[in-house]
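This report walks through a protein model for a reader who has not met it before. Please keep the sequence and the 3D view at hand while reading.

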Amino acid sequence: MLVPSNLTGIQKAAILLISLGASVSASVLQKGFSDEEVEKLTQEISLFENIPKDIQRFVLDEFYQLTQAREYLSRGGFDYAKDILEKAMGEEKAKEILSKVSSTIQKVPFNNLRRTEAKHLFNFIKEEHPQTIALILTYLQPEQASSILASLATEIQSDVAKRVAIIDRIAPEVIKEVESVLEKKLSLIVTQQDQQTGGIKALVNILSRVDRSTEKTILEELEMDDPELTDEIRKLMFVFEDVVKLHDTAIQRVLREVDQKDLARAMRGSNEDVRVRIYKNMSKRAADMLREEIQFMGPVRLRDVEESQQRIVQLIRRLDEAGEIIIARGGEDAVLL
């Protein structure tokens with residue numbers, strides 16, 4: 001018999017994933033765990049058959065409480081989190097929750113900068129070396145970073161963007177040195193392990209929020225300097241799940257040209273929001289036919305699903321570049337419909 005207090009961490013993780021459902025859990029496993037961790041979790045999940053509702057509720061409640069605590073800690077520090085949790089749950093419960101997360105929470109470098117307006121940050125760092133600017137951007141909120149990147153002089157935008165993309169691991173002493181120069185009042189404990197930061201996904205997250213003109217300029221400059229890196233960036237600029245961000249007329253335009261077999265395979269790996277939007281923009285007959293094709297498709301390799309989704313993404317980007325549809329982007333003028 002399962003007892004909440006006897007559950008191990010991996011058992012709780014397995015129960016949480018089961019509770020979230022297959023689609024969400026698959027996405028979490030793909031993005032949040034190593035191959036070894038996925039193997040262990042999959043094995044643990046296979047051992048559970050009927051999970052009592054009270055156990056599920058216990059795990060979900062604990063996950064929610066820990067997530068809240070982490071958010072409070074990152075937003076305003078330990079004292080802020082302690083104050084909020086004590087008011088919401090009482091002193092003892094707050095202490096219990098904080099004790100679980102405090103050992104795993106590491107303050108984000110440049111945390112004070114994350115709470116500063118982008119225009120003030122820009123004035124603060126615009127004269128710094130491109131490498132320093134790139135390092136700071138990787139730790140900022142994407143909205144802040146995109147605003148600053150767009151405000152930089154054109155001649156250094158692509159340089160900073162490339163540095164963001166190729167930053168992988170930064171030694172703690174380097175981060176400390178930059179912090180001491182930029183924020184003398186910032187006291188930050190950095191672990192002895194290298195800090196994971198930057199990378200192509202960080203740059204994509206920033207570029208996806210700048211205006212189209214800035215994005216085009218940066219990518220064109222990067223392409224001349226490093227075509228392979230630019231190709232990797234372009235592949236991640238719009239993912240299949242972003243279909244939900246398109247206007248209905250744009251989705252209908254895409255559906256007129258998309259290969260139906262690609263669409264069926266892509267839908268096999270999509271979430272409910274994507275499926276709802278696509279079916280909504282099809283005739284009842286076409287939607288029924290697509291559902292039937294998906295139902296009788298049989299097992300599909302994940303690689304085939306991802307390739308189909310990528311082909312549809314490439315179609316969407318071609319239509320966007322041709323001006324036939326519009327991908328809403330941060331920093332652009334409003335679109336009149």
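## Where α8 meets α10

In this predicted model, the contact between two helices brings P130, Q131, I133, A134, L137 and T138 of α8 together with D159, V160, R163 and V164 of α10. Sorted by the character of their side chains, the residues of this contact comprise 6 nonpolar, 2 polar and 2 charged ones.

Helix α8 covers residues 130–139 and helix α10 covers residues 154–166, and the two pack with their axes 8 Å apart, at an angle of about 55°. Because an angle of about 55° lies outside the ranges that count as roughly parallel, roughly antiparallel or roughly perpendicular, α8 and α10 are described as oblique to each other. The crossing that these two helices make, α8 with α10, is right-handed.

## Where α15 meets α19

A second pair to look at consists of helix α15, which spans residues 248–257, and helix α19, which spans residues 302–321; their axes come within 10 Å and cross at roughly 120°. With that angle, α15 and α19 are therefore also classed as oblique to each other, and α15 passes α19 in a right-handed crossing.

On the side of α15 the contact is made by R253, V254 and E257, while α19 contributes L315, I316 and L319. The residues of this contact divide into 4 nonpolar and 2 charged, with no polar residue in the contact of α15 with α19.

## The setting of T230

Is T230 buried or exposed? This residue has its place in helix α14, which runs over residues 227–236, and T230 counts as buried because its relative accessibility is 0%, where buried means under 20%. When residues up to four places away in sequence are not counted, T230 touches L219, L222 and E223.

## The protein as a whole

Taken as a whole, the protein has 19 helices and 2 strands, and of its 337 residues 38% count as buried. The area that the protein exposes comes to about 20100 Å², of which carbon and sulfur atoms supply 50%.

How the chain comes together can also be read from its contacts: among those between residues at least 6 apart in sequence, 76% join residues at least 24 apart. The contact of α15 with α19 described above, with R253, V254 and E257 on one side and L315, I316 and L319 on the other, can be traced in the 3D view.

Conventions
Residues are numbered from 1 along each chain as its sequence is written. This is a predicted model: local features need pLDDT of at least 70, side-chain atom pairs count only at pLDDT 80 or more; totals for chains, interfaces and linings use all residues. Side-chain values use heavy atoms; hydrogens and water are left out. Helices (H or I, at least four residues) and strands (E, at least two) are DSSP runs, numbered from the N terminus. Buried means under 20% relative accessible area, exposed over 50%, partly exposed in between (1.4 Å probe, protein chains only). Contact means heavy atoms within 4.5 Å. Axes are lines fitted to C-alpha atoms, for helices over the stretch in contact, and angles run from 0 to 180 degrees between N-to-C directions. Angles under 35 degrees count as roughly parallel, over 145 as roughly antiparallel, 65 to 115 as roughly perpendicular and the rest as oblique. A crossing is left-handed if the near helix is turned anticlockwise from the far one by less than a right angle, and right-handed if clockwise. Ala, Val, Leu, Ile, Met, Phe, Trp, Tyr, Cys and Pro count as nonpolar, Asp, Glu, Lys and Arg as charged, and the others, Gly among them, as polar. Accessible areas come from the Shrake-Rupley method with a 1.4 Å probe; for residues, only the protein chains shown count as cover.
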